[in-house]
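Q: I am new to this structure and would like to go through it step by step. Could you begin with a charged residue and work outwards from there?

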Amino acid sequence: MKFEVLERVRWNDCDATGIIYYGAYVRLVQVAEEELFRACGLPFEALRREMGVWIPSKAFHLEFHSPAQIDEQVAVQVYFSKIGTTSITMKVEIYRASDRMHRASASLTVVAVEKPTMKPRPIPDEVRAKLFLYAG
């Protein structure tokens, strides 16, 4: 099952020609990631403070298909493609919302770590169970 969030391409996301700057896709993926975890009942603040689960990014891959424009509304679809022992990989597809023109594809891998040492730790079972709501 995929989760979708709508977002707008902001002025500060674009270059002087009004086309999205490639680095702005990182922001769009981060918005989708945060809202996906929230939809699973795992807002980042609860993960960190209540459960002691820290999930820094390990790998990010992005492929461009067509350029988004300033003020364009985009649909960002995301799901968990792999839920490992210590890592989680998300697949992301970004489309122009009005006609589903494909803008970009991305993947993001995060790793559960012990905060003081930043060493990998197993993802708690109660977290894993909630992630399967949007696993593909």
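A: Aspartate 13 is a suitable place to begin: its relative accessibility is 4%, so aspartate 13 counts as buried. Buried here means under 20% relative accessible area, exposed means over 50%, and partly exposed lies in between (1.4 Å probe, protein chains only).

Q: Which salt bridges share partners with that residue's own, and which residues do they join into one network?
A: Glu7, Arg10, Asp13 and Arg27 are joined into one network by salt bridges that share partners. A salt bridge is a side-chain nitrogen of Lys or Arg within 4 Å of a carboxyl oxygen of Asp or Glu.

Q: What should I know about the model itself?
A: This is a predicted model, in which local features need pLDDT of at least 70 and side-chain atom pairs count only at pLDDT 80 or more, while totals for chains, interfaces and linings use all residues. Residues are numbered from 1 along each chain as its sequence is written, and side-chain values use heavy atoms, with hydrogens and water left out.

Q: Back to the network. How far apart are the N and O atoms in the salt bridge of aspartate 13 and arginine 27?
A: The side chains of aspartate 13 and arginine 27 meet at 2.6 Å, N to O. This pair links distant parts of the chain, with aspartate 13 in the loop between β1 and α1 and arginine 27 in helix α1, 14 residues apart. Helices (H or I, at least four residues) and strands (E, at least two) are DSSP runs, numbered from the N terminus.

Q: And what about arginine 27 and glutamate 7?
A: They also form a salt bridge, with the closest N and O atoms 3.7 Å apart. Because arginine 27 lies in helix α1 and glutamate 7 in strand β1, the pair ties together parts that are 20 residues apart in sequence.

Q: Is glutamate 7 buried or exposed?
A: Glutamate 7 counts as buried, at 12% relative accessibility. Arginine 27 counts as partly exposed, at 26%.

Q: How many salt bridges are there in the whole structure?
A: A search finds ten. One of the salt bridges joins arginine 96 and aspartate 99, whose closest N and O atoms are 2.7 Å apart. Aspartate 99 is partly exposed, with a relative accessible area of 44%.

Q: New topic: which residues have the most contacts inside the largest nonpolar core?
A: They are Tyr25, Phe37, Phe80, Met90, Ile94 and Leu131, in a core of 38 residues. A nonpolar core is a set of buried Ala, Val, Leu, Ile, Met, Phe, Trp, Tyr and Cys residues joined through side-chain atoms within 4.5 Å. At least two residues of this core come from each of β1, α1, β3, β4 (87-96), β5 and α3 (125-131). The most is given by α1, with eight residues.

Q: Why might such a core form?
A: In soluble globular proteins, nonpolar side chains tend to be buried together.

Q: What does tyrosine 25 touch, beyond its neighbours within four places in sequence?
A: Tyrosine 25 is in contact (heavy atoms within 4.5 Å) with Ile20, Leu62, Phe64, Ser66, Ala68, Ile94, Arg103 and Ala104.

Q: Serine 66 is on that list. Where does it lie?
A: Serine 66 is in the loop between β2 and β3 (73-83), and counts as buried at 14% relative accessibility. Its side chain reaches the backbone oxygen of histidine 102 at 2.7 Å. That side chain also makes a polar contact with the side chain of arginine 103 at 2.8 Å. A polar contact is a pair of N or O atoms within 3.5 Å; within protein, one must be able to donate a hydrogen and the other to accept it, and residues adjacent in sequence count only if both atoms are side-chain atoms.

Q: Which residues form the nonpolar patch on the surface?
A: Tyr21, Tyr22 and Phe64 do, with about 360 Å² of accessible area together. Patches are made of residues with over 30% relative accessible area and no salt bridge, where like charges are joined within 9 Å and nonpolar side chains (Val, Leu, Ile, Met, Phe, Trp, Tyr) within 5 Å. Accessible areas come from the Shrake-Rupley method with a 1.4 Å probe, and for residues only the protein chains shown count as cover.

Q: Where are tyrosine 21 and phenylalanine 64?
A: Tyrosine 21 lies in the loop between β1 (3-8) and α1 (24-39), whereas phenylalanine 64 is in strand β2 (residues 57-64).
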